[in-house]
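Thanks, everyone, for making the time this morning. I would like to walk you through one structure, slowly, and I will begin with a pair of charged side chains before moving outwards to the rest.

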Amino acid sequence: MNNRLKVLRAERDWTQAQLATELDVSRQTINAIEKGKFDPSLPLAFRAARLFGLSIEDIFQDQ
Amino acid sequence: MGKQTRHSSEWEANTVRNTVRLGFWTLAWLVTMAIASFGPKFIWQSNEVVTIAAIVLNIAVGAGMILANKRHLNGLDELQQKIQLDAMALSLGVGLIVGLGYSNLDVANIISADAEISHLVILMGLTYLTGVIAGTRKYR
């Protein structure tokens, strides 16, 4: 699954640690998602979408 | 970001709190295990009532450790939970397969020493540790 997490984070000038804090996960989890090593659960995807004010499809795309 | 940051910091603090709590219960369990194991010989000269009390205490503290571990796992995020699950599955699988194979070797008198449960515990502990390290490196 592809995602735009890194781009969206960079646009807001947030660090991985800041985003992790916002989403109640570890920095390692943010890093793994950004690198495509780990796909988030639906609740976490919804939290990310809510945080960025976007829909889930705007952030995560099926390959 | 302010309100959410405060809330998230609570999550991080909660994770630390759960880890410290698990460490405390694990240490307490180890101490009571040592007392139950060595007490009969070195402290109370095999008094049966005291030995039973020490074993019951060890099991009770063990129950506390299990609950603390459950709380700790529930407090982790989803990737950390996956790493833990993979490591525990590896540990259980290796422990079951190698443990029973080890027991068969003992029953068939192929190995000279008796198969000890402590060997299995050490094997499972090391396998679990290896699994956690491998999982952490995999998602780094």
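In this model, which I should say straight away is a predicted one, the side chains of A:Arg9 and A:Glu34 meet in a salt bridge, with 2.6 Å from N to O. A:Arg9 belongs to helix α1 of chain A and A:Glu34 to helix α3 of chain A, so the pair ties together parts that are 25 residues apart in sequence. Are these two residues buried or exposed? Both A:Arg9 and A:Glu34 are buried.

Over all chains, a search of the whole structure finds three salt bridges, and it is worth looking at the others with the same care. One of them joins the side chains of A:Arg12 and A:Glu11, at 3.6 Å from N to O; here A:Arg12 counts as partly exposed, at 30% relative accessibility, while A:Glu11 is exposed, with a relative accessible area of 54%. Another joins B:Lys82 and B:Asp86, at 3.3 Å from N to O, and because these two are four residues apart in helix α3 of chain B, about one helical turn separates them. B:Lys82 is partly exposed at 31% relative accessibility, and B:Asp86 is partly exposed too, with a relative accessible area of 37%.

Let me turn now to the nonpolar side chains. In soluble globular proteins, nonpolar side chains tend to be buried together. In this model the largest nonpolar core has 23 residues, and those that touch the most other members are A:Leu5, A:Leu19, A:Leu23, A:Phe52, A:Ile59 and A:Phe60. Two or more residues come from each of α1, α2, α3, α4 and α5 of chain A, and also from α3 of chain B, with the largest share, six residues, supplied by α4(A). If we follow A:Leu5 and leave aside its neighbours within four places in sequence, we find that A:Leu5 is in contact with several residues, including A:Leu19, A:Phe52, A:Ile59 and A:Glu34.

As for chain A as a whole, its elements run β-α-α-α-α-α-β from the N terminus on. Its radius of gyration is 10 Å, close to the 11 Å that the globule rule gives for 63 residues, so chain A is as compact as a globular protein of that length.

Finally, on the surface, B:Leu96, B:Ile97, B:Val98 and B:Leu100 form a nonpolar patch with about 400 Å² of accessible area together. B:Val98, which lies in helix α3 of chain B, is partly exposed, with a relative accessible area of 41%.

Definitions and conventions:
Residues numbered from 1 in each chain as written. Chains lettered and ligands numbered in written order. Predicted model: local features only at pLDDT ≥ 70, side-chain atom pairs only at ≥ 80, totals over all residues. Heavy atoms only, no water. Patch = residues over 30% accessible without salt bridge, like charges linked within 9 Å, V, L, I, M, F, W, Y side chains within 5 Å. Areas by Shrake-Rupley, 256 points an atom, 1.4 Å probe, with all protein chains shown as cover. Salt bridge = Lys/Arg side-chain N within 4 Å of Asp/Glu carboxyl O. Buried < 20%, exposed > 50% of the residue type's maximum accessible area, 1.4 Å probe, protein only. Core = buried A, V, L, I, M, F, W, Y, C linked by side-chain atoms within 4.5 Å. Contact = heavy atoms within 4.5 Å. Rg over C-alpha atoms; globule rule 2.2 N^0.38 Å.
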